[in-house]
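Work through the exercises below with the sequence and the structure open. Try each task before reading its solution.

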Amino acid sequence: MTQTLNKPIAAEADSRLAAFDRLEGTFAKQQPAWLFPLRKAGISQFAELGYPTLHDEDWRFTNVAHAAKLPFIPATEPASANVTLADLKQFPFADQPGSRLVFVDGHYAAALSNVTALPAGVKVASLKQSLATDAALIEKHLGRYSGNEANAFAALNIAFFTDGLFVHVPKNAVVEQAVQVIYLSTATEAGFASHVRNLVIVEAGAKLTLLESYVSLAKAPYVTNAITELVVGDNAWVEHVKFQDEAADAFHFAALHGVFGRTSKAWTHSLALGSKLARYNLRTKLDGEGLEAILNGLYLTRNEQVIDHHMIVEHAKAHCASHEYFNGILDDKSKGVFHGRILVKPDAQKTDAKQTNRNLLLSDDATADAKPQLEIYADDVKCTHGATIGRMNEEQIFYLRARGIGEKTARRMLMHAFAGEIIDRVQTEAVREELDKIVWDRLEMNPHLHDS
C-alpha cells in the first residue's frame, strides 16, 4: 500500500514510495525472507523522515533540494555491457595488484572483475551472490550498524539496494594485497540512482586493506547512494580508503558505519574530489578497550561544488584513541562542510580524542562551515578539537621568499604541503604514492597556483 508523506519536499519523496510499491513484488521473490522486512522498514522510515531540509540541524549547511527533485529512477538492470576493461584503466588504482570487484550502476560486473587467490577462508564477492551462500552471517550483520540512524538516504538504501561488496576475513587471516572495489556510474538519463550496499567483516587478529572508488562514465545527472558497514574484530588491522571522483553534475550520498573491537587499529581515509554535491556520514563506535582509530580526509572543491563530511565518533570503552584530520582546499564558489562530534560515554575513561579541520580558501566566494563538537560523560579524558578557515599563510610565503624562493613556487609548496599532510597518513605505500600523484596533478590544474 502506498504511503504518503507530509514532510517538506513531499512531492518528490512520494515518487520514491511509489517506486518501492512497483518493485515490492520483485524484492519479495528474489531474496531471503528475512531481508524483505528490512526493506519494508527502510521505506517506512523514509516515509516518516522525508528528505532533509535546511531546517534539520544535521543538514543546515547542505541543501539537498536539487538532488531530491531528480526522479531517483532505481537502476534495476545491469548496464555493464558497454563498459570494457580498457575503460577502467583511466581510473585510480588500475595497476594495483590484488582482487578487484566492479559494480556498474549498482550491479556486479563479473566480466570486469577479478578475484585473485585469497588466504583460506577469506571471501570477497558480491553481496547479492553471497546472500545465497552466506545468508546466516549476512543476516547477523546487515543493517545492524546503520539501522538506528535517522537518515533518509540510508533508509532509501536499505529499501532499494541492488548489490554491493561482501568481504569476510576470518580470525587471524591476513589479506596482503588490497581489495579494490570500483563503483562506476554510466547514467544516460537524468535521475538514475544506484543504491550500493557493502558489508565488510574482519574478525579478530585479521588484516585487510580496502580501496573504494566512486567514478563515472555517465552522460546525465545521477545519484549514488552507498552504505558500507565495517566490523573490525579484536586486535584486527584495517585500512579503508574511499576515493570519490564522481561526475560534475552528480549527487553522491554515502555512509560508513564502523564498529571496532578491543586493541584493533583502524584507518579510514576520505578523498573527495568530484560530484556537484557530496555528503559522507562517518559513524564509528569504539567498542573495545585499547583501540586506535584514525579518520582522515581531504576535499578539493571548485566551481559550485559542495562537499560535506559529517562524523560521529563514539567512545564506548576505556583507553581508546581517535584522531580526526580533515583538510579542505576550496576554490571558486564552492563550499566545504565539516561536522565532527566526539561522544565519550561514561565507561570510556582515559579516552584520547583529537579532531582537527583546516580549510584553505582560494577565492573570495568560496566558503567553509565547520562545526566541531565534544559531548563528554566521563571525567578522566583528553579531548581536543579545532577548526580553521583562511587563506594561504602570508608569513609562511614571506619566510620562503626570504630564502630565495619565488612567490609562485612558495604558494605551490604550501598548497601541496597542506594536501600532503593528509595523504601522508595513508599506510599502504603504493596507494599513498598513487593518491599523492592524483592530488598533485589536480592541484597543478588550479590556475591560482600559477597566479603571481
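**Exercise 1: a buried acid**

The side chain of Asp 163 reaches the backbone nitrogen of Lys 128 at 2.7 Å. The model is predicted.

Task: Find where Asp 163 lies, and decide what its side chain contacts and whether it is part of a salt bridge.

Solution.
- Step 1. Place the residue: Asp 163 lies in the loop between helix H7 (152-160) and strand S5 (165-169).
- Step 2. Look for an opposite charge. The nearest such side chain is that of Lys 128, 6.0 Å away. A salt bridge needs a nitrogen-to-oxygen distance within 4 Å. Asp 163 has no salt bridge, although it is buried.
- Step 3. Look for polar partners. The side chain of Asp 163 makes a polar contact with the side chain of Ser 126, at 3.4 Å. With Lys 128, the atom reached is the backbone nitrogen, at 2.7 Å.
- Step 4. List the surroundings: leaving out residues up to four places away in sequence, Asp 163 touches several residues, including Phe 103, Tyr 108, His 195 and Arg 197.

**Exercise 2: salt bridges across the chain**

Task: The whole structure holds 21 salt bridges. Describe the one between Arg 262 and Asp 234 and the one between Arg 279 and Asp 308.

Solution.
- Step 1. Recall the principle: side chains of opposite charge can pair when their charged atoms come close.
- Step 2. Take Arg 262 and Asp 234, whose closest N and O atoms are 3.7 Å apart. Arg 262 lies in the loop between strand S11 (251-260) and S12, and Asp 234 in the loop between strand S9 (222-232) and strand S10 (237-244), so the pair ties together parts 28 residues apart in sequence.
- Step 3. Check exposure. Arg 262 is partly exposed, at 44% relative accessibility, and Asp 234 is partly exposed as well, at 32%.
- Step 4. Take Arg 279 and Asp 308, which meet at 2.8 Å, N to O. Arg 279 is in strand S13 and Asp 308 in strand S15, so this pair ties together parts 29 residues apart in sequence. Both residues are buried.

**Exercise 3: a bridge within a helix**

Task: Locate the salt bridge between Arg 411 and Glu 407, and state which network it belongs to.

Solution.
- Step 1. Read the distance: the closest N and O atoms of the two residues are 3.1 Å apart.
- Step 2. Locate them. Both residues lie in helix H9, four residues apart, about one turn of the helix.
- Step 3. Compare their exposure with the cut-off for buried, which is under 20%. Arg 411, at 18%, is buried; Glu 407, at 25%, is partly exposed.
- Step 4. Follow shared partners: salt bridges join Glu 394, Arg 401, Glu 407 and Arg 411 into one network.

**Exercise 4: the sheet and its helix**

Task: Trace the open sheet of 10 strands, then find what packs on it.

Solution.
- Step 1. Follow the order S3-S2-S6-S8-S10-S12-S14-S16-S18-S20, in which the pairing is mixed.
- Step 2. Identify the edges: strand S3 (107-108) and strand S20 (382-390) each pair on one side only.
- Step 3. Examine one pair. Strands S12 and S14 are parallel and share eight bridges; Leu 271 stands opposite Leu 298 in S14.
- Step 4. Add the helix. Helix H9 (residues 407-423) packs on the sheet and touches S12, S14, S16 and S18. The direction of H9 makes about 150 degrees with that of S16.

Note on methods: Residues numbered from 1 in each chain as written. Predicted model: local features only at pLDDT ≥ 70, side-chain atom pairs only at ≥ 80, totals over all residues. Heavy atoms only, no water. Pairing = 2+ DSSP bridges. Helix = DSSP H or I, 4+ residues; strand = E, 2+ residues; numbered from the N terminus. Contact = heavy atoms within 4.5 Å. Axes fitted to C-alpha atoms, helices over the stretch in contact; angles between N-to-C directions. Buried < 20%, exposed > 50% of the residue type's maximum accessible area, 1.4 Å probe, protein only. Lys, Arg positive; Asp, Glu negative; His and termini not counted. Polar contact = N/O pair within 3.5 Å; in protein donor to acceptor, adjacent residues only side chain to side chain.
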